[in-house]
Amino acid sequence: MSDIQEATDQLLDVNLFENQRFVQVTESGHRSEPEHLQVTIGATVPTGFEQTAADEVREKLGSSCKISKDRGKIYFDISVESLAQVHCLRSVDNLFVVVQELKDYQFKETKEEVLKDFEDLAGKLPWSDPLKVWKINTSFKKKKAKRKKINQNSSKGKINNGRGEKIDERDVKKDFTSDALDPHILDYYENPGIKEEISTLVGDDLASSKEDDTDESSKEETDHRALKFRVTCNRAGEKHCFTSNEAARDFGGAVQDYFKWKADMTNFDVEVLLNIHDNEIVVGIALTEESLHRRNITHFGPTTLRSTLAYGMLRLCAPQPSDIIVDPMCGTGAIPIEGATEWSKCYHIAGDNNPLAVNRAANNISSLLTKNQIQESKPSWGLPIDAVQWDICNLPLRTGSVDIIVTDMPFGKRMGSKKRNWNLYPACLREMSRVCRPGTGRAVLLTQDKKCFTKALSRMGHVWRKVHTVWVNIGGLHAAVYLLKRTSQAFVRSSEQDEEKGTPS
Ligand SMILES: C[S@@+](CC[C@H](N)C(=O)[O-])C[C@H]1O[C@@H](n2cnc3c(N)ncnc32)[C@H](O)[C@@H]1O
């Protein structure tokens, strides 16, 4: 039985909200047909890569997207049958089902009036279909939690670094560890495009002593007890006379009265999102407990890149079957691992000069293989990827043998130094131009040291042509992703370099 069918049957068989006033699974004696539900899904995506995410949604789900003015968000309509596919998108971080979008919302003059309107809003929203979708979605979340448990057990001891290092250490809010904050909130912090206040309703917090949410019997109990919920308000905009905390508190209080749910900050079943961006309000229900970018990496390094961003970078250079794709400064391997997973008809090489980084990359590849084997319950064919230790300035690769280079260069802050970049960047671009195939080769390079990069590139105009720049925000740092095309000019090495390197040609 498919996931959707199973979830749909559950929905029909269990009158989940018996004690609550609004959700009628059966309406006027008819069974509603949740499989035909059409809903709007909202997704947070790495800022700068909204269009990439929209392209992926169109390609994989056949839906067109609206890219929000609020950077880092996209919206698209789906039939609920596609919910499983939505969870498989590679470019999205968090998902929510839209309850209602209020464009051009007229906020009243005083804070009291605005907050009163938020209270009144709770009872007027069309909650029914989004809550059906939320219920169907719980079957995906449940399975994810179970799998996670198996994976953790299978690689116990190896994931010793996973906890504190889960945060991209470039994140300006680096003092928050994943233990200190709820992962969902953390995701908003990690998504640097969303620079708003975030507050969660803290009502009569009824923290449950039940810890194991994946336990089937406790899930069944969930179906019969009053649901626990929280409201998270994300607010961005200058002209508001209220705080996100006040909005979450008053809107959340009204949601509680309306549904007779119980407020619970940490152990909630339903997370209601109140997103306010200038005079646009979107109310949603979260469909992800943790960001979907947490999928490949178990061994974290000091500057681990999100898999969703890695996907966006790879997509920029349109990999084709049999392409050789190299990340010459791979760190934990986030880019080539995402590449090997999504573009399995290409061959991916991960290299770094730091033996610790190469070890991490190798461990991440190995953990992913184990995870795949457990999920598929059979030996896997492996992944088309290799990890090597090398120096980017002297790669053990034949001239013109690489189709695509995708890498995240040292910014010179946490990794390396700005001073060293003045030598490293020109040497990188030169060696990349040697290994990359003239005429068709391309490179996608991420850096925050734009001045140094631009200077180095200006001297390499004969071999690299800049095609496109995507501006991204990495933990509060304004960074750029450059798409370069290798010109058709053959690489010519100076005799000085020949003597120094003895590189294969
Ligand atoms: C920004 S980090 C890459 C992080 C990586 N994307 C990840 O997700 O973990 C830059 C990497 O470049 C590597 N590096 C610096 N100089 C290098 C060189 N000369 N050759 C190869 N790698 C180098 C560093 O060891 C570091 O792992």
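Me: Which residues in helix 9 do Thr52, Asp55, Glu56, Glu59 and Lys60 in helix 2 meet?

Reply: This is a predicted model, with residues numbered from 1 along each chain as its sequence is written; local features need pLDDT of at least 70, side-chain atom pairs count only at pLDDT 80 or more, and totals for chains, interfaces and linings use all residues. Side-chain values use heavy atoms and leave out hydrogens and water. Helices are DSSP runs of H or I with at least four residues, strands are E runs of at least two, both numbered from the N terminus, and contact means heavy atoms within 4.5 Å. By that reading, the helix 2 residues meet Tyr311, Gly312 and Arg315.

Me: How do the residues of the contact of helix 2 with helix 9 divide into nonpolar, polar and charged?

Reply: Ala, Val, Leu, Ile, Met, Phe, Trp, Tyr, Cys and Pro count as nonpolar, Asp, Glu, Lys and Arg as charged, and the others, Gly among them, as polar. For this contact, that gives one nonpolar, two polar and five charged.

Me: At what angle do helix 2 and helix 9 pack?

Reply: Axes are lines fitted to C-alpha atoms, for helices over the stretch in contact, and angles run from 0 to 180 degrees between N-to-C directions. The axes of helix 2 (residues 50-61) and helix 9 (residues 307-316) are 10 Å apart. Angles under 35 degrees count as roughly parallel, over 145 as roughly antiparallel, 65 to 115 as roughly perpendicular and the rest as oblique. The two helices are therefore roughly perpendicular, at about 80 degrees.

Me: Which helix gives the largest share of the largest nonpolar core?

Reply: A nonpolar core is a set of buried Ala, Val, Leu, Ile, Met, Phe, Trp, Tyr and Cys residues joined through side-chain atoms within 4.5 Å. The largest has 56 residues, and those with the most contacts inside it include Phe251 and Val283. Seven of its residues come from one helix, which is helix 8 (residues 244-259).

Me: How many residues are in the second, separate core?

Reply: Phe49, Ala310, Ala334 and Leu483 are included in that core. Its size is 33 residues.

Me: Which residue forms a salt bridge with Glu246?

Reply: A salt bridge is a side-chain nitrogen of Lys or Arg within 4 Å of a carboxyl oxygen of Asp or Glu, and the whole structure holds 21. Glu246 lies in helix 8 and its partner in helix 4 (residues 111-122), so the pair ties together parts that are 135 residues apart in sequence. At 2.7 Å, N to O, the partner is Lys111.

Me: Is Asp264 buried or exposed?

Reply: Buried means under 20% relative accessible area, exposed over 50% and partly exposed in between (1.4 Å probe, protein chains only). Asp264 forms a salt bridge with Lys228, a residue with a relative accessible area of 10%. Asp264 itself has a relative accessible area of 1%, so Asp264 is buried.

Me: What is the relative accessible area of Lys418?

Reply: Lys418 in helix 12 (residues 418-435) pairs with a residue 31 places away, Asp449, across 3.8 Å, N to O. Asp449 counts as buried, at 5% relative accessibility. Lys418 is partly exposed, at 32%.

Me: What is the phi of Asp104?

Reply: Asp104 sits in the loop between strand 6 (94-102) and helix 4 and is exposed, with a relative accessible area of 53%. Its phi is a positive value in a residue other than glycine, near 50 degrees.
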